[in-house]
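User: I am new to this structure. Please take a close look at one part of the model and describe in a connected way what surrounds it and how the neighbouring parts pack together.

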Amino acid sequence: MATMMTVMLCFLFAAMIVASGKFKPISAYLLSAFFLSQSLLSLHELVLYGDQLRYTVLGISPNLFFIAGFGYAIDGPLLYLYANSLIRKDFKIGVRHRLHLLPLLGYFVFLVFAYYIQEQSTKSEIINHYLFDLQWHFVTSDTLIKIIRLVYFLLALNLIKKYREQLKQSRSSIEDVDLTWLKILVLGFSSVALVGVILAFAKVLTLFVEIDVVWLMFLGLTAYYATLCLVCSLLFFSALNISSVAEVKDRAEKSHTDYQADPEYIERVERLMKQEKPYLMSNITFDALSQQFDVPPRELSATLNGHFKMNFYEFINDYRIEEAKLLLVSEDYREKTITDIFIEVGFNSKSVFNTFFKKKVGMTPSEYRKAMSNS
């Protein structure tokens with residue numbers, strides 16, 4: 001029941017994504033293809049292990065088995081490329097991306113020789129006696145393709161992490177860049193893929209030691225229901241309302257270890273930061289600061305990282321913390337709340353403000369205010 005619901009929901013989701021028109025075309029097609037592959041995977045499991053459906057399909061033709069299973073070889077690359085298309089504004093599918101079809105090609109070649117070119121009677125025996133779970137070459141190939149799938153999902157997670165770090169080079173606030181849906185999507189399916197890998201390894205172990213089939217069934221059902229819950233959660237969260245992510249410009253930085261900062265730029269940055277206080281603008285960006293200070297972007301980036309030893313995100317927020325320390329002990333701000341102060345100095349998030357403050361000062365803003373008033 002859960003598997004059939006997943007088949008239908010993923011197919012519906014794929015259609016909704018393309019029909020919505022709220023994604024740029026390349027992202028829509030990649031995400032839609034990903035959910036279609038999930039629909040195929042669920043159908044594959046249903047055909048292999050569903051008592052009624054498997055014999056119906058076998059009666060039609062044993063060649064219909066494993067076709068939907070190719071989804072295991074393509075969903076990882078699709079999700080990875082989808083993450084790329086969201087994060088990189090100029091992303092296009094090129095010739096080099098054909099390399100991501102290698103797992104699909106390898107899996108296809110294996111199935112051709114291990115299954116499709118066999119006699120009809122041999123194929124029927126493989127299906128009837130579940131030999132695809134008992135013979136080493138089937139089990140090994142299944143494990144390998146599921147490991148590759150998990151690796152792609154982890155690469156997509158790493159891409160999101162690197163993207164957040166890149167944002168800190170150009171933005172003083174990254175809280176308004178909403179990656180929640182993308183993280184749920186990638187982390188959720190990574191978890192499901194991990195269960196799949198564990199199940200695949202368990203099947204490998206059964207070739208050497210006896211394992212209670214109840215545990216194998218438990219792992220399989222866990223993956224089925226986890227996928228269903230994940231798809232329902234994503235539908236509820238609604239990918240159709242996902243916020244667009246911000247563009248990250250590629251800045252070739254000078255080496256920070258041997259960079260000799262230009263004293264003129266250092267003096268200008270320090271002077272204008274104190275005089276004009278651009279950090280009070282909550283959404284100040286790297287490019288805006290470069291233009292305001294009349295410092296070339298390349299030089300500003302190298303100065304911040306090479307001389308001040310901070311990225312743009314840390315540099316701006318460091319000044320905000322110093323400003324907040326002044327306001328917290330100011331008589332004019334005695335009646336102001338912590339929230340009033342963190343907003344006034346340019347922060348958008350109280351949690352980010354508290355984290356930066358405690359890291360720099362060694363205590364929370366409330367503790368600092370109390371300590372200063374007592375002294």
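Analyst: **The largest pocket and its surroundings**

Nonpolar residues account for 14 of the residues lining the largest pocket, with four polar and three charged residues making up the rest. The model is a predicted one, and every value here is computed from it. The lining has 21 residues in total, and those nearest the centre of the pocket are Y49, L216, M217, G220 and Y224. Four elements each contribute two or more residues to this lining: α1 (2-20), α2 (25-49), α8 (180-205) and α9 (213-237). The greatest contribution, seven residues, comes from α9. The volume of the pocket is about 730 Å³.

Two of the contributing elements, α2 and α8, can be followed further. Their axes approach to within 14 Å and cross at roughly 30°. Because angles under 35 degrees count as roughly parallel, α2 is roughly parallel to α8. The crossing of α2 past α8 is left-handed. On the α2 side the contact consists of L31, F34, F35, Q38 and Y49, and on the α8 side of W181, L185, F189 and K203. Seven of these residues are nonpolar, one is polar and one is charged. Y49 therefore has two roles to note: Y49 is among the residues nearest the centre of the pocket, and Y49 also belongs to the contact of α2 with α8.

α1, which also lines the pocket, packs against α2 at an angle of about 165°, with the two axes 8 Å apart. Angles over 145 degrees count as roughly antiparallel, so α1 and α2 are roughly antiparallel to each other. Their crossing is left-handed. From α1 the contact takes T3, M4, T6, V7, C10, F11, F13, A14, I17 and V18, while α2 supplies A28, Y29, L31, S32, F35, L36, Q38, S39, S42, L43 and L46. This contact comprises 15 nonpolar and six polar residues, and no charged residues.

A further partner of α2 is helix α4 (residues 71-87), whose axis comes within 9 Å of that of α2 and crosses it at roughly 155°. By the cut-off of 145 degrees, α2 is therefore roughly antiparallel to α4. Here too α2 passes its partner in a left-handed crossing. The residues involved are I26, S27, L30, L31, A33, F34, S37, Q38, L41, H44 and E45 from α2, together with G71, Y72, I74, D75, L78, L79, L81, Y82, S85 and L86 from α4. In terms of class, the α2 and α4 contact has 13 nonpolar, six polar and two charged residues. L31 and Q38 recur in these lists: they belong to the contact of α2 with α8, to that with α1 and to that with α4.

The model also contains enclosed spaces, with two cavities of 30 Å³ or more. The largest cavity has a volume of about 250 Å³. Its lining has 16 residues, with E45, Y72, A223, Y224 and T227 nearest its centre. Y224 thus links this cavity with the largest pocket, where Y224 is likewise among the residues nearest the centre. E45 and Y72 also take part in the contact of α2 with α4. At least two lining residues of the largest cavity come from each of α1, α2, α7 (136-167), α8 and α9. The lining of the largest cavity divides into six nonpolar, seven polar and three charged residues.

The second largest cavity holds about 180 Å³ of space. It is lined by 17 residues, and H44, L48, F66, Y107 and D142 lie nearest its centre. Two or more residues of this lining come from each of α2, α5 (102-116) and α7. The largest share, five residues, belongs to α7. By class, the lining of the second largest cavity has ten nonpolar, two polar and five charged residues. H44 connects this cavity with the packing described above, as H44 is one of the α2 residues in contact with α4.

Terms used:
Residues numbered from 1 in each chain as written. Predicted model: local features only at pLDDT ≥ 70, side-chain atom pairs only at ≥ 80, totals over all residues. Heavy atoms only, no water. 1 Å grid on protein atoms, 1.4 Å probe; cavity = no way out; pocket = protein on both sides within 12 Å on 5 of 7 lines; lining within 4 Å. Points joined across faces, edges and corners; volume = space filled by probe spheres on them. Nonpolar A, V, L, I, M, F, W, Y, C, P; charged D, E, K, R; others polar. Axes fitted to C-alpha atoms, helices over the stretch in contact; angles between N-to-C directions. Parallel < 35°, antiparallel > 145°, perpendicular 65-115°, else oblique. Left-handed = near helix turned anticlockwise from the far one by under 90°. Contact = heavy atoms within 4.5 Å.
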